Amino acid sequence: MIIGYSGLLLANDPKLIERPQAAEEILKAGKQARDLITQILAFSRKMDPVLTPVDLNQVVGETKRMLARTIPKMTDITYSLSPEKTMINADAGNMTQVLMNLCANAQDAMPDGGRIEIKTAGVTLDENFSARHTGIEPGDFVLLSVTDTGTGMDQDTMEHIFDPFFTSKEIGKGTGLGLSTVYGIVKSHGGHIICDSEPGKGTTFRIYLPAMAAVTPAEDQFEMPMLEDAQGNGEVILIVDDERLIRDIGEKILTFKGYRVIEAVSGEDALQIYRERGKEIDLVILDISMPGMGGEKCLDELFVLDPMIKVILASGYFSDGMSRTATDKILAYLQKPFTINTMVRTIREVLDR
């Protein structure tokens, strides 16, 4: 979509498309790409859950795009989402991982294809239900269920499916960690998981997560207007990034906001520039993931050149193994993809310290 609408803009023919419409569609596609990348990064991280109000329907909707790319087309996935009462206190990345793991498990049970049905619902569990399922207290829950038409499981297998490293697959086809991971995530969210299955009749996993009252979602900050009170005063900012488009956009935005910008294409380039012009540079915005020496090594060298240097780290993923120099001396982080407002606000806050 981004490529298509950019091509229409470059054709420069108003009969094809108006510029505001093209810009809106490109922005929409960029938001979708941002959300998908954020999901993938969250899915790949191994870290404690960060619980925030989450609409489970929204998580399912966003995961739908990932499933379309990972589940073979011979498997049909259907969705039945509740129109209300699907707010939970959860880590959205963890919920994505739960759904992806359950669907991968369902696909393994249907090597020749089949159907996966994903449902959400707001439910109230009473004392009778609690009496039949030890550990579940009565109350309001959000139900996430995943049903497949696969081979199913016998009772003996079902008793061990959540055990770490247990797998019914042949050697080399699985680690046995998928369902144990799902179980751990559900429990860490105060939820419960129940499995119903029978050989030849498929499997259903039902996950009950404590419901919470609906909250007004935060306004999407992916907007074009910039903060009026975050104006620059002629300060010099060194942008270090190997991606030309990022440098170009940063230069245009910051110049518009009243800053002067120097660009560096690598860590080596940044060090050479700082050796020559360090006295006039007020702030460095440094990408961590770059070819060559990389951002973290560059960061260490910059602090050797100037222990009082002001640096903002920018990256899509910050490693837990980052040196203490990075974690102790950095004044701010910009998590890619970041908004224009977030960038100019962060820069102003750091420069004013």
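# A sheet and its aromatic neighbours

Ser197 stands opposite Thr203 in strand β7. That pairing is a good place to start a tour of this predicted model, and the strand β7 will come up again and again.

**The hairpin and its surroundings**

Strands β6 and β7 pair in the antiparallel sense, over six bridges. Together they make a hairpin with five residues between the strands, and there Gly200 takes a positive phi near 80°. On its other pairing, β7 (residues 203–210) is joined to β5 (residues 139–148) by eight bridges, and these two strands run antiparallel. Two facing pairs help you find your way here: Val146 stands opposite Phe205 in β7, and Val142 stands opposite Leu209 in β7.

**The whole sheet**

Now step back to the full sheet. It is open and has five strands, in the order β2-β4-β5-β7-β6, with mixed pairing. Which strands stand at the edges? They are β2 (75–80) and β6 (192–197); each has a single partner strand, so one side of each is left without a neighbour in the sheet. On average, neighbouring strands of this sheet are turned by 15° against each other, direction ignored. As a general background, strands of a sheet pair through backbone hydrogen bonds, either parallel or antiparallel.

A helix belongs in this picture too. Helix α3 (residues 56–70) lies across β2, β4 (114–125) and β5, and runs at about 170° to β4.

**Rings around β7**

The structure holds three aromatic pairs. A pair of aromatic rings is described by the distance of the centres and the angle of the planes. Two of the pairs are set out here.

| Pair | Centre to centre | Angle between planes | Arrangement |
|---|---|---|---|
| Phe129 and Tyr208 | 5.4 Å | 65° | edge-to-face |
| Phe162 and Phe205 | 6.3 Å | 65° | edge-to-face |

Where do the partners Phe129 and Tyr208 lie? Phe129 is in helix α5 (residues 127–132) and Tyr208 is in strand β7, so the pair ties together parts that are 79 residues apart in sequence. Phe129 is buried, with a relative accessible area of 12%, and Tyr208 is buried at 7%.

The pair of Phe162 and Phe205 also links distant parts of the chain. Phe162 sits in the loop between α6 (155–158) and α7 (178–188), while Phe205 belongs to strand β7, 43 residues apart. Phe205 has a relative accessibility of 3%, so this residue counts as buried. Ring pairs link Phe162, Tyr183 and Phe205 into a cluster.

Is β7 mostly covered or mostly open? Mostly covered: six of its eight residues are buried.

**The chain as a whole**

Zooming out once more, the chain has 353 residues, and 41% of them count as buried. Its secondary structure comes to 12 helices and 12 strands. Among contacts in the chain with a separation of 6 or more, 69% are between residues 24 or more positions apart. The chain exposes about 19500 Å², and carbon and sulfur atoms supply 54% of that area.

Finally, a word on cysteines. How many disulfides does a search of the whole structure find? The search finds zero. Cys103 is buried, with a relative accessible area of 0%, and Cys298 also counts as buried, at 0% relative accessibility.

Terms used
Residues are numbered from 1 along each chain as its sequence is written. This is a predicted model: local features need pLDDT of at least 70, side-chain atom pairs count only at pLDDT 80 or more; totals for chains, interfaces and linings use all residues. Side-chain values use heavy atoms; hydrogens and water are left out. Two strands pair if DSSP finds at least two bridges between them. Helices (H or I, at least four residues) and strands (E, at least two) are DSSP runs, numbered from the N terminus. Axes are lines fitted to C-alpha atoms, for helices over the stretch in contact, and angles run from 0 to 180 degrees between N-to-C directions. Contact means heavy atoms within 4.5 Å. A disulfide is a pair of cysteine sulfur atoms within 2.5 Å. Buried means under 20% relative accessible area, exposed over 50%, partly exposed in between (1.4 Å probe, protein chains only). Accessible areas come from the Shrake-Rupley method with a 1.4 Å probe; for residues, only the protein chains shown count as cover. Rings of Phe, Tyr and Trp (its six-membered ring) pair if their centres lie within 6.5 Å; planes under 30 degrees apart count as stacked, over 60 as edge-to-face and the rest as tilted.
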